[in-house]
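Visitor: I'm new to this structure, so please pick a single part and take me through it closely. Then show me how it fits in with its surroundings.

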Amino acid sequence: MLMRPAIHLDQMVDTLKAAAETSRLRILALLSQGDLTVTDLTEILGQSQPRVSRHLKLLLEAQLIVRYQEGSWAYFRLSDADAAREFVDGVVGRLDLADAVIERDLERLGAIKRRREERAAEYFSQNAASWDQIRSLHVPDKAVEEELLKLIGARPFQSMVDLGTGTGRMLELFAPLYQRGVGIDLSREMLAVARANLDRAGIANAQVRLGDISAPQLERDAHDLVTIHQVLHYIDRPAVAIREAARLLRPGGRLVIVDFAPHEHEFLREEHAHMRLGLADSQIAEWLEEAELDLTETLEFAPRGEAGEGLTVKLWLARDRRMQIADGIVPSFAQKETA
């Protein structure tokens with residue numbers, strides 16, 4: 001059972017002062033639905049940018065929200081701190097969604113999310129042919145996802161990170177299990193797709209950010225599950241990405257890697273920017289050992305088509321070998337999971 005975080009008296013007073021204003025409370029309610037820019041909030045609230053920026057500054061000072069940069073755009077999101085998130089969830093959860101002001105805010109938010117979906121659909125249409133060509137060579141994604149869900153199990157946990165999140169599918173798949181999810185990707189276009197997908201699925205407990213998976217700007221030793229799904233074949237130094245993923249895990253946390261087994265499809269290197277033609281079990285095992293992770297499971301998914309023509313998908317599950325022990329009890333997430 002998770003312990004409720006304590007808040008010092010002075011900090012609680014500052015937090016209450018920051019939230020106890022109509023516009024700032026509206027902002028918190030909106031950010032509970034996903035990350036937004038100043039422009040988004042200005043449009044929704046119907047206020048000037050300087051006024052909205054002032055409200056955001058006060059919420060930032062109270063550590064209720066966080067600002068992060070994505071190219072020339074600045075996004076705002078709710079704080080990841082347990083105490084701040086519990087406070088916001090408690091306050092926002094008591095708001096009447098039928099209130100005229102809140103209802104109008106959510107309608108305008110819906111319009112912004114629909115525009116995101118339109119941009120994402122345009123990007124998909126431009127790239128669908130190349131993705132379909134690769135998908136035709138390997139087992140359907142659904143088969144891999146079903147095994148992922150079996151391996152991770154049904155027990156809820158606190159935090160997940162998806163490195164190289166792409167369309168945000170892993171965040172969507174595990175959304176019922178985690179309290180907070182974060183996706184990292186270097187492509188602004190893919191982040192737009194991921195945000196649209198999360199919005200469409202009604203997932204408010206996950207966010208995506210611009211970042212390099214070889215140097216993720218995230219809290220260390222703090223996450224229960226890290227996924228690297230069909231990413232390592234695109235990067236020059238997979239060992240670095242795995243090592244960084246390991247540093248994100250809390251003791252007993254788990255890392256899932258999904259990628260292709262070694263193959264000879266040179267067109268993927270020439271036409272689709274694959275830097276590696278698959279990854280061998282021995283290489284993955286070596287990198288996991290260097291990152292001080294224990295390989296606990298390896299699964300293989302046969303390719304579509306005739307032998308030698310398709311792509312074999314591999315799934316590797318590893319665990320942080322440190323065990324988090326409190327009062328002599330190993331936490332439930334560190335125990336063997338069952339689906």
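Guide: Let's start with a word we'll need: a residue is buried when its relative accessible area is under 20%, exposed when it is over 50%, and partly exposed in between (1.4 Å probe, protein chains only). What you see is a predicted model, where local features need pLDDT of at least 70, side-chain atom pairs count only at pLDDT 80 or more, and totals for chains, interfaces and linings use all residues. Residues are numbered from 1 along each chain as its sequence is written, and side-chain values use heavy atoms, with hydrogens and water left out.

The part I'd pick is strand E10, residues 313-320. Strands (E, at least two residues) and helices (H or I, at least four) are DSSP runs, numbered from the N terminus. Eight of the eight residues of E10 are buried, so this strand is largely enclosed by the rest of the structure. Look at its two sides in turn: Val-313, Leu-315, Leu-317 and Arg-319 are buried on one of them. On the other, Lys-314, Trp-316, Ala-318 and Asp-320 are buried too, so both faces are covered. In a regular strand, side chains alternate between the two faces of the sheet.

Who are the neighbours? Two strands pair if DSSP finds at least two bridges between them. E10 runs antiparallel to strand E8 (residues 249-260), with seven bridges joining them. Here Leu-255 has Ala-318 of E10 as its bridge partner. E9 also runs antiparallel to E10, through eight bridges. For this pair, find Leu-299, which stands opposite Leu-315 in E10.

Now step back to the sheet. It is open and has seven strands in the order E6-E5-E4-E7-E8-E10-E9, with mixed pairing. At its edges are strand E6 (206-210) and strand E9 (293-301), each of which pairs on one side only. From one strand to the next, the twist averages 15 degrees.

Over at the E6 edge, strand E5 (residues 178-185) pairs with E6 in the parallel sense over five bridges. Val-182 stands opposite Gln-207 in E6. Helix H9 (residues 188-200) packs on the sheet here and touches E5 and E6, contact meaning heavy atoms within 4.5 Å. The direction of H9 makes about 170 degrees with that of E6; the axes behind such angles are lines fitted to C-alpha atoms (for helices over the stretch in contact), and angles run from 0 to 180 degrees between N-to-C directions.

Another stop is the loop between strand E7 (223-229) and helix H10 (238-248), where you'll find Gln-230. Its phi is near 50 degrees, a positive value in a residue other than glycine. Most residues other than glycine have a negative phi. Gln-230 counts as buried, because its relative accessibility is 18%.

For another well-covered stretch, try helix H2 (residues 22-31), home of Arg-26. Eight of the ten residues of H2 are buried, including Ile-27, Leu-28 and Arg-26. With 9% relative accessibility, Arg-26 touches, among others further off in sequence, Ile-44, Val-101 and Asp-105.

How far can you trust the picture? pLDDT is the predictor's confidence in each residue, from 0 to 100. The chain averages 86, and 86% of the residues score at least 70. Residues 325-339 stay under 50, and the model has 28 contacts for them beyond four places in sequence. Where pLDDT is low, the predicted coordinates should not be read in detail.
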